[in-house]
Amino acid sequence: MYENSTPNTGNVAESVPMDNMKFCKHCGSKIPKDAVLCVHCGRQVEELAQQQAAQPQIVINNENTNVNSNVAAVGAGYMGKPINKWVAFALCLFLGFFGVHKFYEGKIGSGLLYLFTFGLCGIGWIIDCIIILLKPNPYYVR
């Protein structure tokens, strides 16, 4: 039944019955019939069972329907009232001591503060002129 009756020396070909053997197509050595890799040369002699199975069918359902609406909600993406930079700068430059540029932006409380303190003693007026020059045109005020 066995090819060789000598004791097992660790060789795979010697411990497997002859009818369960095949030859490696790369090196010609005897290997077990169900082997996928040759134990002598290490090369693949059979296709892997997982590769022979049919590929799974992939279904992609991509509808790409847009459900967004452009409704301006308070606090959710609302940019505010657009203000022209050059009008605000001219008002600040010539009437900034009286807070007219603050009234133009819709900031009534700051406008009254500038009106009664003469532009925060001139310091607020100078700072506002610089800040307005650094803003984009138009800028938005809430």
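**Figure 1. Leu120 and Cys121 share a backbone feature in helix α5 of this predicted model.** Leu120 counts as partly exposed, at 36% relative accessibility. Buried means under 20% relative accessible area, exposed over 50%, and partly exposed in between (1.4 Å probe, protein chains only). Leu120 lies in helix α5. Helices (H or I, at least four residues) and strands (E, at least two) are DSSP runs, numbered from the N terminus. Leu120 is not a glycine, yet its phi is positive, about 55 degrees. Cys121 also has a positive phi, near 60 degrees, and is a residue other than glycine. Cys121 lies in helix α5. At 70% relative accessibility, Cys121 counts as exposed.

Residues are numbered from 1 along each chain as its sequence is written, and side-chain values use heavy atoms, with hydrogens and water left out. The model is predicted: local features need pLDDT of at least 70, side-chain atom pairs count only at pLDDT 80 or more, and totals for chains, interfaces and linings use all residues.

**Figure 2. A nonpolar surface patch draws on α3 and α5.** The patch covers about 1100 Å². Its members include Leu93, Phe94, Phe97, Ile108, Leu112 and Phe118. Patches are made of residues with over 30% relative accessible area and no salt bridge; like charges are joined within 9 Å, nonpolar side chains (Val, Leu, Ile, Met, Phe, Trp, Tyr) within 5 Å. A salt bridge is a side-chain nitrogen of Lys or Arg within 4 Å of a carboxyl oxygen of Asp or Glu. Accessible areas come from the Shrake-Rupley method with a 1.4 Å probe; for residues, only the protein chains shown count as cover. Helix α5 (108-121) gives the largest share of the patch, 5 residues.

**Figure 3. Helix α4 holds Phe103 and Lys102.** The helix spans residues 100-105. Phe103 belongs to the nonpolar patch. Its relative accessible area is 31%, so Phe103 is partly exposed. Lys102 is buried, with a relative accessible area of 12%. Beyond residues up to four places away in sequence, Lys102 touches Lys107, Ser110, Gly111, Tyr114 and Asp128. Contact means heavy atoms within 4.5 Å.

**Figure 4. The largest nonpolar core has 9 residues.** They are Ile83, Ala88, Phe89, Cys92, Trp125, Cys129, Ile132, Tyr139 and Val141. Elements giving two or more residues to this core are α3 (85-95), α6 (123-134) and β4 (139-141). Apart from this core lies another, of 5 residues, among them Cys24, Ala35, Cys38 and Val45. A nonpolar core is a set of buried Ala, Val, Leu, Ile, Met, Phe, Trp, Tyr and Cys residues joined through side-chain atoms within 4.5 Å. In soluble globular proteins, nonpolar side chains tend to be buried together.

**Figure 5. Tyr139 and the cis bond before Pro138.** Tyr139 touches Lys81, Pro82, Ile83, Asn84, Lys85, Ala88, Glu105 and Ile132, leaving aside residues up to four places away in sequence. Pro138 sits in the loop between α6 and β4. The peptide bond from Asn137 to Pro138 is cis, with omega near -10 degrees.

**Figure 6. Cysteines without disulfides.** A search of the whole structure finds 0 disulfides. Cys38 is in none; the nearest cysteine sulfur, that of Cys41, is 3.6 Å away. A disulfide is a pair of cysteine sulfur atoms within 2.5 Å. Cys38 is buried, at 4% relative accessibility. The closest cysteine sulfur to that of Cys129 is in Cys92, at 3.3 Å, too far for a bond. Cys129 is buried too, at 10% relative accessibility.
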